[in-house]
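The following note sets out points for a colleague who has the sequence and the model at hand. Please read each point against the structure shown here.

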Amino acid sequence: MKIGSINLEQPFALAPMAGMTDTAFRRLVKRRGGCGLVISEMVSSEGLVRGIDRTLDYAEYTEEERPVSIQIFGGDPEKMAHAAQIVEGMGADMVDVNMGCPVPKIAKHNAGCSLMREPEHAQAVVSAMAKAVKIPVTVKMRAGWNDQEINAPELARRMQDAGAAAIAVHGRTAAQSYSGSSDWDLISRVAGALTIPVFGSGDCVEPSQLVQKLQDGRVAGVLVGRGALRNPWIFEQAAAIARGERPREISPAERGQFLLEYIDLLLHERTGEAEGFRHVAPTPPSALSPAAIASCPTAERTAVARGHHKWVINKLRALNSWYTKGLDNGSHLRIAINSAESIDHLRDIVADFFQLAAYSA
Ligand SMILES: Cc1cc2nc3c(=O)[nH]c(=O)nc-3n(C[C@H](O)[C@H](O)[C@H](O)COP(=O)(O)O)c2cc1C
């Protein structure tokens with residue numbers, strides 16, 4: 001399938017998930033195969049335009065992830081257009097607009113799902129972005145704000161008119177958050193009324209469901225969120241089913257190895273990478289770049305490293321709240337990882353649980 005001029009080898013995509021779909025996780029998913037597109041966690045347009053360090057980190061991606069889409073949020077057409085230009089300047093393949101986030105902190109700023117309540121304004125945002133960049137601009141929305149305001153079909157048409165190259169619909173309202181289930185009939189209706197590709201999102205946790213959704217409805221593709229956090233092989237397995245093959249069973253050793261690789265990628269982010277591998281947004285001169293960190297006095301460097309290790313441990317805790325679901329004795333692993341105090345301890349816990357040979361970094 002194609003989005004604008006970008007070819008996707010598979011119609012399955014890793015959904016954007018704040019705090020979860022960082023560049024390391026996206027790379028690991030891509031390496032397992034079957035995933036046609038990865039989308040970043042949501043990135044603030046305001047932060048991008050102002051060059052705020054944390055925001056710039058969220059927007060980073062690597063060559064290995066292509067095709068890659070960077071999702072931005074915001075409600076100001078000019079800033080969103082400027083942010084889209086920054087994303088384009090970083091060489092990303094697509095820029096996606098978040099119209100689905102129900103979190104009040106985001107929605108109260110006229111961004112996320114609250115854009116769905118102001119269709120004309122939402123159209124102005126997407127139109128400004130589509131005029132500002134050459135890469136495809138896509139939109140991810142929910143069914144609507146609440147049961148009384150289900151307007152995805154109408155809004156999606158407006159987005160198409162405004163220049164969007166594809167739409168993704170999570171078939172729940174903002175009021176539902178994650179309760180109930182995603183309305184795939186509504187998603188099919190949206191898809192049937194548009195000429196641009198529509199991705200459906202919500203509740204695909206088994207690889208066969210991804211294939212089923214494609215066969216059932218009129219969607220061009222399927223986004224997978226939580227199902228990929230539980231089972232990063234879901235895309236590879238769905239692609240096998242689509243080819244008429246039996247999906248491969250994933251061994252405990254592979255599951256353990258995935259976590260060890262994730263720890264290593266997070267730990268060694270930005271070190272020893274070939275030139276051109278990592279794409280970063282322009283940094284303001286005051287930011288603490290890796291070169292600046294290297295020139296810090298030793299005590300400060302140790303503090304930076306300690307902070308980084310803590311961040312890695314927290315990332316593993318966050319992933320494991322999903323990854324351990326459905327694993328035999330998964331709660332034991334979750335509890336053990338929550339108690340990990342160092343990277344070595346973390347690796348030992350993973351190696352023990354999955355009965356991997358002693359780990360050496
Ligand atoms: C932890 C988490 C973070 C999420 N963050 C985002 C986000 O940043 N942007 C977005 O558009 N959707 C976000 N979503 C929604 C997902 O992209 C997806 O639409 C939703 O989870 C339904 O799909 P699923 O049932 O496959 O998880 C998030 C979902 C989860 C669980």
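1. Gly144 has Thr173 of E10 as its bridge partner. The two strands concerned, E9 and E10 (residues 166-173), run parallel and are joined by six bridges. It should be borne in mind throughout that this is a predicted model.

2. Strand E9 also pairs with E8, again in the parallel sense, over five bridges. Within this pairing, Val95 is placed opposite Val137 of E9.

3. How many residues of E9 are buried? The count is eight of eight, so the strand is largely enclosed by the rest of the structure. A residue is taken as buried here when 20 or more other C-beta atoms lie within 10 Å of its own.

4. Helix H4 covers residues 77-89, which makes 13 residues. From its first C-alpha to its last, H4 reaches 18 Å, close to the 18 Å expected at 1.5 Å a residue. Just after the helix, Gly91 adopts a positive phi of about 90°.

5. Against which elements do the buried residues of H4 pack? The buried residues themselves are Met80, Ala81, Ala83, Ala84, Ile86 and Val87. They pack against three helices, H2 (45-50), H3 (53-59) and H6 (119-132), and against the strands E7 (68-73), E8 (94-99) and E9 (137-144). Strand E9, described above as largely enclosed, is thus among the elements that the buried residues of H4 meet.

6. Pro119 belongs to helix H6. Is this residue buried, exposed or partly exposed? Pro119 is partly exposed, because 15 other C-beta atoms lie within 10 Å, whereas 20 or more would be needed for a buried residue and 12 or fewer for an exposed one.

7. Beyond its neighbours within four places in sequence, Pro119 is in contact with Asn151, Glu154, Leu155 and Arg158. The C-alpha atom of Pro119 is also separated by 9.5 Å from that of Ala156, a residue 37 places away along the chain.

8. Helix H11 (residues 234-242) has as its buried residues Ile234, Phe235, Glu236, Gln237, Ala238 and Ala239. The cover over these residues includes strand E3 (12-14), helix H1, helix H9 (207-216), strand E12 (221-224) and helix H10. Gly244 follows H11 and has a positive phi, near 85°.

9. The protein is divided into domain 1 (2-250) and domain 2 (253-353), and the C-alpha centres of the two domains lie 26 Å apart. Where they meet, 23 residues of domain 1 are in contact with 24 residues of domain 2.

10. Which elements give two or more residues to the side of domain 1 that touches domain 2? They are helix H1 (23-32), helix H3, strand E6 (61-62) and helix H10 (226-230). Of these, H1 gives the most, with four residues. By residue type, this side of domain 1 divides into 13 nonpolar, four polar and six charged residues. Two of the helices named here recur elsewhere in this note: H3 packs against the buried residues of H4, and H1 is included in the cover of the buried residues of H11.

11. Around the ligand there are 21 residues, of which Ala15, Met17, Met42, Gly225 and Arg226 come nearest. The shell divides into nine nonpolar, eight polar and four charged residues.

Methods
Residues are numbered from 1 along each chain as its sequence is written. This is a predicted model: local features need pLDDT of at least 70, side-chain atom pairs count only at pLDDT 80 or more; totals for chains, interfaces and linings use all residues. The expected span of a helix is 1.5 Å times one less than its number of residues. Two residues are in contact if their C-beta atoms, placed from the backbone, lie within 7 Å. Domain bounds come from an automatic or database domain assignment. Ala, Val, Leu, Ile, Met, Phe, Trp, Tyr, Cys and Pro count as nonpolar, Asp, Glu, Lys and Arg as charged, and the others, Gly among them, as polar. A residue is near a molecule or strand if its C-beta atom, placed from the backbone, lies within 6 Å of it. Two strands pair if DSSP finds at least two bridges between them.
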